[in-house]
Amino acid sequence: MKKEELIAKLTGVKEYTNTVSIDFVLAALGMLEEPTTKIGLTQELADEIANKIKSCLDNNSDDLVDLDSAEFELNYDNRIELSRAEVNVSEIMEHVVAIIDDFVSEVEDLQVEAYNENFGSEQ
């Protein structure tokens with residue numbers, strides 16, 4: 001039951017009697033649905049997350065390759081080539097998780113704001 005439906009129901013009862021039992025009001029309040037703010041992953045949000053991750057990895061590119069694991073070869077024309085280097089997956093994941101955590105915090109803040117708009121702040 002939504003808030004408007006509850007108000008309509010109480011208004012209907014008011015037409016028949018001047019008093020409304022507390023049990024009736026409590027039962028009606030128990031039937032109220034909590035407002036749900038669905039914040040899904042839209043294409044726009046996915047693009048924004050991807051861009052922030054890309055930007056973060058670009059800005060921290062020096063940390064993403066394990067330089068100690070790099071192996072080089074000397075080619076036939078005396079050219080030095082990188083033959084092997086390990087990617088520092090844990091460092092990459094730290095950056096990606098930090099970006100995602102920022103978005104999760106923003107979504108939680110939006111949910112708190114939506115709740116406060118509907119029910120008021122408890123402060």
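**Figure 1. Serine 69 and the backbone of aspartate 66 in a predicted model.** In this predicted model, the side chain of serine 69 comes to 2.8 Å from the backbone oxygen of aspartate 66. Serine 69 is part of strand β1. Its relative accessibility is 11%, so serine 69 counts as buried, the limit being under 20%. Apart from neighbours within four places in sequence, serine 69 contacts Arg84, Ala85 and Glu86.

**Figure 2. The salt bridge between glutamate 71 and arginine 84.** The closest N and O atoms of glutamate 71 and arginine 84 are 3.3 Å apart. Glutamate 71 belongs to strand β1 and arginine 84 to strand β2, so this salt bridge ties together parts that are 13 residues apart in sequence. Glutamate 71 is partly exposed, at a relative accessible area of 39%. Arginine 84 is also partly exposed, with 37% relative accessibility. Through salt bridges that share partners, Glu71, Arg84 and Glu86 are joined into one network. Two members of this network, Arg84 and Glu86, are also among the contacts of serine 69. In total, the model has four salt bridges.

**Figure 3. The loop between β1 and β2.** Asparagine 78 is placed in the loop between strands β1 and β2. Which sign does the phi of asparagine 78 have, positive or negative? Most residues other than glycine have a negative phi. Asparagine 78 is not a glycine, yet its phi is positive, at about 60 degrees. What is the relative accessible area of asparagine 78? The value is 62%, so asparagine 78 counts as exposed, for which the limit is over 50%. Also shown is the salt bridge between arginine 79 and aspartate 77, with the closest N and O atoms 2.8 Å apart. Aspartate 77 is partly exposed, with a relative accessibility of 34%.

**Figure 4. A nonpolar patch on the surface of the two strands.** Phe72, Leu74, Ile80 and Leu82 form a nonpolar surface patch of about 490 Å². Strand β1 (65-74) and strand β2 (80-87) each provide at least two residues of this patch. Phenylalanine 72 is located in strand β1. With a relative accessible area of 56%, phenylalanine 72 is exposed. Strand β1 thus holds both phenylalanine 72, which is exposed, and serine 69, which is buried.

**Figure 5. The largest nonpolar core.** Which residues make up the largest nonpolar core? The six residues are Ile49, Ile53, Cys56, Val96, Ile99 and Phe103. Helices α3 (43-59) and α4 (89-119) are the elements that give two or more residues to this core. For phenylalanine 103, the contacts beyond four places in sequence are Leu45, Glu48, Ile49 and Lys52. One of these contacts, Ile49, is itself a member of the core.

**Figure 6. Histidine 95 in helix α4.** Is histidine 95, a residue of helix α4, buried or exposed? The relative accessibility of histidine 95 is 14%, so it counts as buried, under the 20% limit. Without neighbours up to four places away in sequence, the contacts of histidine 95 are Cys56, Leu57, Asn60, Asp63 and Leu64. Among them is Cys56, which also belongs to the largest nonpolar core.

**Figure 7. A salt bridge within helix α3.** Lysine 54 and aspartate 58 are linked through their side chains by a salt bridge, with 3.1 Å from N to O. Both residues are in helix α3, where they are four residues apart, or about one turn of the helix. Lysine 54 is exposed, at a relative accessible area of 51%. Aspartate 58 is partly exposed, at 46%.

**Figure 8. The protein chain as a whole, for orientation.** The chain has four helices and two strands, arranged along the sequence as α-α-α-β-β-α. Of its 123 residues, 11% are buried. The exposed area of the chain is about 10200 Å², of which carbon and sulfur atoms supply 53%. Counting contacts between residues at least 6 apart in sequence, 48% join residues at least 24 apart.

Note on methods: Residues are numbered from 1 along each chain as its sequence is written. This is a predicted model: local features need pLDDT of at least 70, side-chain atom pairs count only at pLDDT 80 or more; totals for chains, interfaces and linings use all residues. Side-chain values use heavy atoms; hydrogens and water are left out. A nonpolar core is a set of buried Ala, Val, Leu, Ile, Met, Phe, Trp, Tyr and Cys residues joined through side-chain atoms within 4.5 Å. Buried means under 20% relative accessible area, exposed over 50%, partly exposed in between (1.4 Å probe, protein chains only). Contact means heavy atoms within 4.5 Å. Patches are made of residues with over 30% relative accessible area and no salt bridge: like charges are joined within 9 Å, nonpolar side chains (Val, Leu, Ile, Met, Phe, Trp, Tyr) within 5 Å. Accessible areas come from the Shrake-Rupley method with a 1.4 Å probe; for residues, only the protein chains shown count as cover. A polar contact is a pair of N or O atoms within 3.5 Å; within protein, one must be able to donate a hydrogen and the other to accept it, and residues adjacent in sequence count only if both atoms are side-chain atoms.
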